[in-house]
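I opened this notebook to keep track of what I looked up, one topic at a time. Pull up a chair and follow along.

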Amino acid sequence: MPATIVVGTQWGDEGKGKFTDLLAKEMAMVVRYQGGHNAGHTLVVGDETFALQLVPSGVLYDHTTPVIGNGVVVDPFVLLSEMKMLTDRGVDCSNLKVSGNAHLILPYHQQLDALHERHLGKNKLGTTKRGIGPAYADKSMRTGVRVQDMLDEGIFRAKIEAALSYHNKVLTKVFNRLPVDPDELADKVLSECLEGLRPHIADTINLIHGALESNEQVLFEGAQATFLDLDHGTYPFVTSSNPTAGGACPGAGVGPKHIDRIVGIAKAYVTRVGAGPFPTELFDDVGDAMVDIGREFGTNTGRRRRPGWFDAVMLRHAARLNSLTELAVTKLDVLDTFDEVKICVAYEIEGERVEELPYHQSSIHKATPIYETLPGWKTDLTQVTDRKDLPKEAIEYLNVVQDRTGVPISLVSTGPGRDQFIQFD
Ligand code: IMP
């Protein structure tokens with residue numbers, strides 16, 4: 001069964017969109033399995049840049065069916081405006097399928113996300129305020145509203161009313177805000193979203209299994225990344241879903257035996273948005289250069305990303321968590337001008353050398369990186385598309401990444417454009 005998962009191996013923003021787009025060329029179906037419009041996948045096609053939040057990357061190919069799986073949380077207003085943006089730019093979205101079992105993000109989830117962040121004060125998580133956490137919390141509390149509920153007005157109204165009977169108490173009594181009128185909200189969603197979404201609502205389980213049974217290639221597109229995973233990330237500074245490869249199983253409705261290729265996307269350095277530990281974080285000119293050259297500002301929120309050197313300790317852990325079969329390294333060109341480049345190969349924690357990511361977060365906070373320092377290549381890589389044209393220093397850097405992470409590198413990207421990549425294996 002030819003199924004592939006693309007998964008971020010760091011803290012997100014690895015450039016998953018670019019390689020998902022590249023792999024999507026071969027795929028019959030591209031399926032998002034978790035997260036929502038907290039994601040921001042940038043695709044550069046010729047002179048055009050597409051920033052996608054909810055619609056799977058495969059939408060840009062006519063032969064690919066883009067699927068929003070049951071594990072995704074869907075803001076219906078955002079989805080419709082993204083589809084409109086794409087349609088206005090000539091991209092056909094008629095093929096897009098949205099699982100009826102996916103949960104909705106409604107405006108009160110966003111309001112609660114922002115209020116909760118404010119309530120946390122200096123301990124805030126730095127969420128994207130897109131309502132992701134509150135929507136998944138409702139799902140777990142069994143008070144969520146699903147996409148399929150929109151198809152039955154009575155059920156839809158009843159579910160919104162039930163959810164708001166609780167959330168309105170929180171809004172008014174805890175946060176001193178006005179309550180949300182359930183009928184007004186239901187009217188708004190049904191009048192503004194239902195007709196636009198109706199043709200896209202589908203039984204995605206049947207669709208995905210139909211494709212797998214016909215031996216068609218299916219790509220599962222992870223959003224966010226391994227260390228933002230609710231279970232495996234640096235909790236509580238994580239998102240509220242499971243971006244790790246295993247999350248594709250419940251999030252799309254497939255068993256693990258279907259998956260035969262798991263591509264980990266790793267940036268040639270590391271960035272993180274929001275709060276939380278980050279052992280290789282840089283606070284100096286080198287970090288500023290990574291941010292400037294790599295344009296490390298959120299696609300979604302515009303926030304400056306925190307920069308740092310490549311961390312092989314975390315990558316080894318990510319390789320285990322995701323069963324990575326290969327690594328695709330992005331943004332190698334961002335390091336083009338550096339005199340030297342560093343790879344963190346181990347940590348020093350309270351005087352001891354540690355090779356594995358500690359399970360206790362206090363230890364991660366105390367970790368000092370132990371670096372292997374290599375000479376920079378001081379060459380513009382943005383036009384390099386063949387491995388044999390890579391300078392020996394760049395090859396050495398990639399070889400050390402492979403050695404220290406234990407995962408073979410298959411692809412390397414040297415710029416945002418569709419053609420700016422090297423087959424490395
Ligand atoms: P949430 O997903 O909006 O709840 O945010 C939780 C944490 O995940 C915050 O630190 C966000 O900055 C981070 N986060 C969420 N989505 C992304 C993403 O697509 N890229 C990078 N970080 C993200």
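Before reading off any volume, I noted that a cavity is a set of grid points where a 1.4 Å probe fits but cannot get out. I also kept in mind that this is a predicted model.

**Entry 1: closed spaces**

I started with empty space, since rolling a probe the size of a water molecule over the atoms shows where it is left. I found two cavities of 30 Å³ or more. The largest cavity holds about 40 Å³ of space. Which residues line the largest cavity? I listed Thr-9, Gln-10, Trp-11, Phe-227, Val-270, Asp-311, Met-314 and Leu-315. Sorted by class, that lining has five nonpolar residues, two polar and one charged.

Next I turned to the second largest cavity, with about 30 Å³ of space. Its lining consists of Lys-18, Asp-21, Leu-43, Val-44, Pro-416, Gly-417 and Arg-418. I checked which elements give two or more residues to this lining, and they are helix H1 (16–24) and strand E3 (41–45). The class split for the second largest cavity is three nonpolar, one polar and three charged.

**Entry 2: an open pocket**

I then looked at the second largest pocket, where I read a volume of about 160 Å³. Phe-227 turned up again, as this residue lines the pocket and also the largest cavity. Other lining residues of the pocket include the run Asp-231, His-232, Gly-233, Thr-234 and Tyr-235. From further along the chain I noted His-317, Leu-357, Pro-358, Tyr-359, Gln-361 and Ile-364. By class, I have six nonpolar, five polar and one charged residues in this lining.

**Entry 3: the ligand**

How many residues surround the ligand? I get 15, and the closest are Asp-13, Asn-38, Thr-128, Thr-239 and Arg-303. The shell divides into six nonpolar, seven polar and two charged residues.

For polar contacts, I picked out three. An oxygen atom of the ligand lies 2.6 Å from a polar side-chain atom of Thr-239. A ligand nitrogen is 3.3 Å from a side-chain N or O atom of Asp-13. With Gly-126, the partner is a polar backbone atom, 3.3 Å from a ligand oxygen. I also looked up how much of the ligand is covered: on its own it has 470 Å² of accessible area, and the protein covers 96% of that.

**Entry 4: aromatic rings**

I describe a pair of aromatic rings by the distance of the centres and the angle of the planes. The count came to four aromatic pairs. Why is the pair of Trp-309 and Phe-338 called edge-to-face? Their planes stand at 85 degrees, with the ring centres 6.1 Å apart, so the pair falls in that class; the cut-off for edge-to-face is over 60 degrees.

I traced where the two rings sit. Trp-309 is in the loop between strand E13 (306–308) and strand E14 (310–311). Phe-338 is in the loop between strand E15 (326–330) and strand E16 (340–349). The two are 29 residues apart, and the pair links distant parts of the chain.

**Entry 5: backbone oddities**

Most residues other than glycine have a negative phi, and most peptide bonds are trans. I went looking for exceptions. The bond joining Tyr-235 and Pro-236 is cis, with omega about 5 degrees. Pro-236 sits in the loop between strand E10 (218–221) and helix H8 (248–252). Tyr-235 is also one of the residues lining the second largest pocket.

Arg-295, not a glycine, has a positive phi of about 45 degrees. I placed Arg-295 in the loop between helix H9 (285–293) and E13.

Methods: Residues are numbered from 1 along each chain as its sequence is written. This is a predicted model: local features need pLDDT of at least 70, side-chain atom pairs count only at pLDDT 80 or more; totals for chains, interfaces and linings use all residues. Side-chain values use heavy atoms; hydrogens and water are left out. On a 1 Å grid over the protein atoms alone, a cavity is a set of points where a 1.4 Å probe fits but cannot get out, and a pocket is an open set with protein on both sides within 12 Å along at least five of seven lines; lining residues have an atom within 4 Å of a point. Grid points are joined across faces, edges and corners, and a volume is the space filled by probe spheres set on the points. Ala, Val, Leu, Ile, Met, Phe, Trp, Tyr, Cys and Pro count as nonpolar, Asp, Glu, Lys and Arg as charged, and the others, Gly among them, as polar. A residue is near a molecule or strand if one of its heavy atoms lies within 4 Å of it. A polar contact is a pair of N or O atoms within 3.5 Å; within protein, one must be able to donate a hydrogen and the other to accept it, and residues adjacent in sequence count only if both atoms are side-chain atoms. Accessible areas come from the Shrake-Rupley method with a 1.4 Å probe; for residues, only the protein chains shown count as cover. Rings of Phe, Tyr and Trp (its six-membered ring) pair if their centres lie within 6.5 Å; planes under 30 degrees apart count as stacked, over 60 as edge-to-face and the rest as tilted. Helices (H or I, at least four residues) and strands (E, at least two) are DSSP runs, numbered from the N terminus.
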